[in-house]
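Please look at the sequence and the three-dimensional structure shown here before reading on. The paragraphs below explain how the parts of the chain are arranged.

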Amino acid sequence: MSDINPDATQAQTEADPDADIRGAVIVAAIPGQPARVLLEGAHYAKLMHAPLVVVHVDVTRFVTYEDPDGFVHSAPIDLNIAPGASELEEVRAAAAAAFDPKGVAWTLRQLVGDPAIAIKQLADRIDAKLLVVGTRNRGIGESIREFFTGSVAARLAHRQHRPILVVPLGDPAADDEELWVE
């Protein structure tokens with residue numbers, strides 16, 4: 001028999017929709033990213049006895065205002081595109097493929113706006129224990145994007161106090177290989 005009052009639990013969840021993910025490990029995910037980032041996040045969540053939250057940030061939308069209860073209203077930057085829903089579904093499918101066969105409990109959240117700021121705000125709200133992000137893909141296009149927008153991991157490191165695990169993706173660059181951004 002449980003001592004938990006279901007009415008009290010529901011009232012607490014309505015008052016604090018993030019109650020079940022307090023102290024979580026947050027894993028930032030993007031479509032097409034190797035499962036290694038998700039699996040590293042799950043590994044550390046297990047080690048820390050913490051909930052696991054997978055987040056996808058829709059950069060095609062921005063926050064218009066936030067209700068006092070935390071509900072975020074957003075609007076698209078361009079009314080002719082709406083990739084956020086399809087990207088979220090890709091992230092959901094990748095997380096399910098990585099976690100469900102292993103019985104890993106996880107929660108999915110979609111954030112909007114600038115990735116570093118959105119992840120920082122969620123981390124502050126839920127008092128996250130760890131942030132997990134992947135490195136960027138190598139290539140000229142990604143290098144140019146990072147040159148203008150900056151690394152999400154680096155921007156997170158300068159904007160909040162939590163530890164950040166940066167998971168390398170793909171093959172590492174050779175010691176003598178010149179990288180465009182460096």
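The explanation begins with the nature of the model and then turns to the fold and to single residues.

This is a predicted model, in which local features need pLDDT of at least 70 and side-chain atom pairs count only at pLDDT 80 or more, while totals for chains, interfaces and linings use all residues. Residues are numbered from 1 along each chain as its sequence is written, and side-chain values use heavy atoms, with hydrogens and water left out.

The pLDDT is the predictor's confidence in each residue, from 0 to 100. The chain has an average pLDDT of 78, and 66% of the residues score at least 70. Confidence is highest in strand 1, at 98, and lowest in helix 5 (residues 140–149), at a mean of 45. Over residues 1–13 the pLDDT is below 50, and this stretch has two contacts in the model beyond near neighbours in sequence; contact means heavy atoms within 4.5 Å. Residues 143–149 also have a pLDDT below 50, with eleven contacts beyond near neighbours in sequence. Where pLDDT is low, the predicted coordinates should not be read in detail.

The chain contains six helices and seven strands. Helices (H or I, at least four residues) and strands (E, at least two) are DSSP runs, numbered from the N terminus. Along the sequence they follow the pattern α-β-α-β-β-β-α-β-α-β-α-α-β.

How are the strands of the sheet ordered? Five strands form an open sheet in the order 5-2-1-6-7, with parallel pairing; two strands pair if DSSP finds at least two bridges between them. Strand 5 (107–112) and strand 7 (164–167) stand at the edges with a single partner strand each, so one side of each has no neighbour in the sheet. From one strand to the next, the twist averages 25 degrees. Within this sheet, strand 1 (residues 25–28) and strand 2 (residues 52–58) run parallel and are joined by four bridges. The bridge partner of V25 in strand 2 is L52.

Helix 6 (residues 152–159) lies across strand 6 (130–134) and strand 7, and runs at about 170 degrees to strand 7. Such axes are lines fitted to C-alpha atoms, for helices over the stretch in contact, and angles run from 0 to 180 degrees between N-to-C directions.

Of the 182 residues of the chain, 30% count as buried. Buried means under 20% relative accessible area, exposed over 50%, and partly exposed in between (1.4 Å probe, protein chains only).

One aromatic pair is found in a search of the whole structure. The ring centres of F99 and W106 are 5.8 Å apart and the planes stand at 55 degrees, so the pair is tilted. Rings of Phe, Tyr and Trp (its six-membered ring) pair if their centres lie within 6.5 Å; planes under 30 degrees apart count as stacked, over 60 as edge-to-face and the rest as tilted. F99 is buried, at a relative accessible area of 0%, whereas W106 is partly exposed, at 22%.

Two loop residues deserve attention for their backbone. Most residues other than glycine have a negative phi. H49, however, has a positive phi near 55 degrees; this residue lies in the loop between helix 2 (35–48) and strand 2 and counts as exposed, at 75% relative accessibility. Phi of D127 is also positive, near 55 degrees, and D127 is placed in the loop between helix 4 (115–126) and strand 6.
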